[in-house]
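Colleague: I'm new to this one and could use a quick tour. Can you put it up on the screen?
Modeller: Sure, here you go.

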Amino acid sequence: MAKTTYRMCGGLAVMPGHDMAMLKRMSAKGWHVVGINRALLYRFEQGEPHGYDYAVDFQRDFSEEARELYGLGGWEPVVLGPGWQIVRAEAGTTPLYTDDDAESETLRESRKGLGLRALLCAVAAALFFVLQSRLSAQGNEPASWACLAACMVLAAGFVFSLFPFVGYTRSLRKIHDEQEADPRR
């Protein structure tokens, strides 16, 4: 049985560069990422040290055709999630995105709807919290607890919508700033 270790995910949408650099360092030490669990922990298996470059892509539909295109560029998928993929290639391989416009479009598509979803979750959570307070004051404990549970679920929806929205927005701003600094990009 292979030896395994775990490392915390910094947030693929929020800090993709940080996470990909960490995956590269781990591979250089002989620990290769093989998955990510629901607790947002990367799972690594021990192997031979190897120089890989890692990248994350936020395509919603990672079809067989997309896999073939990645393969032609030297990239192989190693961890697949809902709306994101972590891929790796030999160190020095041409970057996953050589065109800022294509990367921007992928990020915009991923960001679409997340801001509205975060806002709706926040408003609904606030309304359930107010309702919970009133029901609790009236002594209706079962309904109060149900409202509190709904409030917590909506608050989680808010967090898991807002953080990716902010991360995608930061990445888009970074691309835009780099394009302004060097118009030839």
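Colleague: Which hand does the crossing have where α4 passes α5?
Modeller: α4 passes α5 in a left-handed crossing, where left-handed has the near helix turned anticlockwise from the far one by less than a right angle, and right-handed has it turned clockwise. One caution before we go on: this is a predicted model, where local features need pLDDT of at least 70 and side-chain atom pairs count only at pLDDT 80 or more, while totals for chains, interfaces and linings use all residues. Residues are numbered from 1 along each chain as its sequence is written, and side-chain values use heavy atoms, with hydrogens and water left out.

Colleague: How are α4 and α5 oriented to each other, roughly parallel or roughly antiparallel?
Modeller: Helix α4 covers residues 114-137 and helix α5 covers residues 141-181; their axes come within 7 Å and cross at roughly 160 degrees. They are therefore roughly antiparallel to each other. By class, their contact has 22 nonpolar, six polar and two charged residues.

Colleague: Remind me of the terms?
Modeller: Axes are lines fitted to C-alpha atoms, for helices over the stretch in contact, and angles run from 0 to 180 degrees between N-to-C directions. Under 35 degrees is roughly parallel, over 145 roughly antiparallel, 65 to 115 roughly perpendicular, and the rest oblique. Helices (H or I, at least four residues) and strands (E, at least two) are DSSP runs, numbered from the N terminus. Ala, Val, Leu, Ile, Met, Phe, Trp, Tyr, Cys and Pro count as nonpolar, Asp, Glu, Lys and Arg as charged, and the others, Gly among them, as polar.

Colleague: And how do α3 and α5 cross?
Modeller: That crossing is left-handed. The axes of α3 (residues 100-111) and α5 come within 9 Å, at roughly 160 degrees. The residues of this contact divide into five nonpolar, five polar and five charged.

Colleague: Switching topic, is His 32 buried or exposed?
Modeller: His 32 is buried, with a relative accessible area of 12%; buried means under 20%, exposed over 50%, and partly exposed in between (1.4 Å probe, protein chains only). His 32 sits in strand β2, residues 31-36.

Colleague: What lies 2.7 Å from a polar atom of its side chain?
Modeller: The backbone oxygen of Glu 48. His 32 also touches residues further off in sequence than four places, including Tyr 52, Tyr 54 and Arg 88; contact means heavy atoms within 4.5 Å.

Colleague: Where does Arg 88 lie?
Modeller: In strand β6, residues 84-90. Arg 88 is buried, at 13% relative accessible area. Beyond its neighbours within four places in sequence, its contacts include His 32, Trp 75 and Glu 76.

Colleague: What about Tyr 70, buried or exposed?
Modeller: Tyr 70 counts as buried, at 7% relative accessibility, and is in helix α2, residues 64-72. The C-alpha atoms of Tyr 70 and Arg 88 are separated by 9.6 Å, though they are 18 residues apart along the chain.

Colleague: Which phi does Leu 40 have?
Modeller: A positive one of about 60 degrees, although Leu 40 is not a glycine. Most residues other than glycine have a negative phi. Leu 40 is in the loop between β2 and β3 and is partly exposed, at 38% relative accessible area.

Colleague: Last one: is Pro 142 buried or exposed?
Modeller: Pro 142 counts as exposed, at 65% relative accessibility, and is found in helix α5.

Terms used: A polar contact is a pair of N or O atoms within 3.5 Å; within protein, one must be able to donate a hydrogen and the other to accept it, and residues adjacent in sequence count only if both atoms are side-chain atoms.
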